[in-house]
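User: I should like to understand how the labels used for a protein model are justified. Please take me through them one at a time.

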Amino acid sequence: MDTVFLRDLKIDTVIGIYGWERRVRQTLIFDLEMSADVAKAAKTDKIEDALNYKSIAKRLQQYVG
């Protein structure tokens, strides 16, 4: 396994329990450290075999939102 880092991922969302918190969007900043098997991508050098950072970021955005 390799370690893949995704740093400074910013997601704007609504968080909090108070009314004023629910009226403003706040920026959450994530630093992710993920274990991934990138051997196939390294061997084939094909983008479709690589870790898709965009899908990871979108999934986290859905979850946080």
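User: In which element is the place of D8?

Analyst: D8 belongs to strand β1. Strands (E, at least two residues) and helices (H or I, at least four residues) are DSSP runs, numbered from the N terminus. This is a predicted model, in which local features need pLDDT of at least 70, side-chain atom pairs count only at pLDDT 80 or more, and totals for chains, interfaces and linings use all residues. Residues are numbered from 1 along each chain as its sequence is written, and side-chain values use heavy atoms, with hydrogens and water left out.

User: Why is T13 called buried?

Analyst: Buried means under 20% relative accessible area, exposed means over 50%, and partly exposed lies in between (1.4 Å probe, protein chains only). T13 has a relative accessible area of 3%, and therefore it is buried. T13 is placed in strand β1, residues 2–13.

User: With which residues is T13 in contact, leaving aside its neighbours within four places in sequence?

Analyst: These are V24, R25, Q26, L28, V64 and G65, where contact means heavy atoms within 4.5 Å. In addition, a polar atom of the T13 side chain lies 3.4 Å from the backbone oxygen of V64. A polar contact is a pair of N or O atoms within 3.5 Å; within protein, one must be able to donate a hydrogen and the other to accept it, and residues adjacent in sequence count only if both atoms are side-chain atoms.

User: What makes K10 and D8 a salt bridge?

Analyst: A salt bridge requires a side-chain nitrogen of Lys or Arg within 4 Å of a carboxyl oxygen of Asp or Glu. The side chains of K10 and D8 meet at 2.9 Å, N to O, so the pair satisfies the rule. D8 counts as partly exposed because its relative accessibility is 43%, and K10 is partly exposed because its value is 48%.

User: How many salt bridges are there by this rule?

Analyst: The count comes to 2. Another pair is D49 and K40, whose side chains meet at 3.8 Å, N to O. D49 has a relative accessible area of 22%, so it is partly exposed, whereas K40, at 54%, counts as exposed.

User: What is the nearest side chain of opposite charge to E21, and how far away is it?

Analyst: It is R22, 7.4 Å away; E21 is buried yet has no salt bridge. For charge, Lys and Arg count as positive and Asp and Glu as negative, while His and the chain ends are not counted. E21 is found in helix α1, and a polar atom of its side chain lies 2.9 Å from the backbone nitrogen of Y18. Leaving aside neighbours within four places in sequence, E21 is in contact with V14, I15, G16 and Q26.

User: Why is I17 called exposed?

Analyst: I17 has a relative accessible area of 73%, so it is exposed. I17 lies in the loop between β1 and α1 (19–23).

User: Why is K43 called exposed?

Analyst: The relative accessible area of K43 is 74%, and therefore K43 is exposed. K43 lies in helix α2, residues 39–44.

User: What is notable about phi of D45?

Analyst: Phi of D45 is near 60°, a positive value in a residue other than glycine. Most residues other than glycine have a negative phi. D45 lies in the loop between α2 and α3 (53–64) and is exposed because its relative accessible area is 69%. Phi of D8 is also near 60°.
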